[in-house]
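Subject: Structure for you to look at

Hello,

Here is the structure I said I would pass on. Please open it alongside this email and follow the notes below.

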Amino acid sequence: MSSTFLIQSFDKGEPTAAGRMLRLCPLLAGGIGIASIFLCMIISRAENADLGGLAMPYISDTGREGAAYFMFAILNTIAAVLLVVTSLLNHHRLNMLRAKAKAGAGFNIARWAMLFWGMLASVGLCVLSVVSTLMSADAHLYGAYVFVAGMVIYTCINTSLLARARWIAADEATREQLVPRKLWLVKSVLTVVMSLMFVVYLPVGLSILCEWDQDPVTKLYDYRNCLDIHKLRAATQNLCVWLLLFYIFTLYHDFEPKNMVQEAIVVGEPALSSIEVVGNPVNEENKA
């Protein structure tokens, strides 16, 4: 997806049909993720699936087998594809933000690092979606770890770059044109809480985890021997993923047409597209 195509899709801040469809990608990715969680939970409860003794189960256990598996695999694979498109769109949006804020090389390096983590997380999502714990527990778990860790890093970098753009802006009016304060605050709160849930779920949770049983025939897990810790990990996993999905929703606002083209920031006046500036080199004297 080239920058030229994206600029043409949001020509002069006015989205084409393609631009309007592209802007919906974060909403679709997040919405499909939420639908997957709800539907798999409903199906697993209806089929009386063994969830290892957890009232709030691990997300993967709800989409492990039967009809829930197919729902989990199909929906989350589609979400992974939309996440790739969303990452590319955000990469372009941050490039436009870098140009407007006149940020340095560090901003650009972080932007590319962020794209890498977004793509890696999408691959992890595909793996965990298609490979259930019954097929290969190790492949599924590593896919889940890559997805969650990759997206947490992605959101942390994204929020930091938005904060950097606001920091180097000349004044408050310019900051609001670059990154609205309320939107940045929402992203910041989501990032902080999500990061805390991630730390409890993976680094801390794995370090204090005790042994649990697995049926050698059915390969189903029984968490009752380590129930309290698994309750903590399952709860923080669910919260982390939910906060991540809400964060993805906020990218819809980032992809406003005016943010997808390079504009000349004029404090107190509507921003002018760089295309308009270049295409109309007539100054006030010539007009007179």
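With which side chain does the side chain of Asp-254 make a polar contact? Keep in mind that this is a predicted model. The partner is Lys-187, whose side chain is 3.2 Å from that of Asp-254 in this polar contact.

Asp-254 itself lies in helix H10, which covers residues 227–254. Asp-254 has a relative accessible area of 1%; it counts as buried because that value is under the 20% cut-off. Leaving aside residues up to four places away in sequence, Asp-254 touches Asn-90, Arg-93, Asn-158, Leu-162, Leu-183, Lys-187, Asn-259 and Met-260. Lys-187, the partner in the polar contact, is thus also in this list of contacts.

Next, the cysteines. How many disulfides does a search of the whole structure find? The search finds one. It is formed by Cys-210 and Cys-226, with 1.8 Å between their sulfur atoms. The link of Cys-210 and Cys-226 is right-handed, with 120 degrees about the S-S bond. Cys-210 sits in the loop between H9 and strand E1 (213–214), while Cys-226 sits in the loop between strand E2 (221–222) and helix H10, so the disulfide ties together parts that are 16 residues apart in sequence.

Are the two partners buried or exposed? Cys-210 is partly exposed, at 32% relative accessibility, whereas Cys-226 is buried, at 3%.

Two other cysteines can be looked at in turn. Why does Cys-240 not form a bond with Cys-156? The closest cysteine sulfur to that of Cys-240 is in Cys-156, and it is 9.8 Å away, so it is too far for a bond. A disulfide here needs sulfur atoms within 2.5 Å. Cys-240 is buried, with a relative accessible area of 2%. Cys-40 is buried as well, at 0% relative accessibility.

The last item is on the surface. Which residues make the nonpolar surface patch of about 350 Å²? They are Val-189, Val-192, Val-193 and Leu-196. Val-193, one of these, lies in helix H9, residues 181–207. With a relative accessible area of 34%, Val-193 is partly exposed; patch residues must be over 30%.

A suggested order for viewing: start with Asp-254 and Lys-187, go on to the disulfide of Cys-210 and Cys-226, and finish at the patch that includes Val-193.

Regards

Notes
Residues numbered from 1 in each chain as written. Predicted model: local features only at pLDDT ≥ 70, side-chain atom pairs only at ≥ 80, totals over all residues. Heavy atoms only, no water. Patch = residues over 30% accessible without salt bridge, like charges linked within 9 Å, V, L, I, M, F, W, Y side chains within 5 Å. Areas by Shrake-Rupley, 256 points an atom, 1.4 Å probe, with all protein chains shown as cover. Salt bridge = Lys/Arg side-chain N within 4 Å of Asp/Glu carboxyl O. Helix = DSSP H or I, 4+ residues; strand = E, 2+ residues; numbered from the N terminus. Buried < 20%, exposed > 50% of the residue type's maximum accessible area, 1.4 Å probe, protein only. Polar contact = N/O pair within 3.5 Å; in protein donor to acceptor, adjacent residues only side chain to side chain. Contact = heavy atoms within 4.5 Å.
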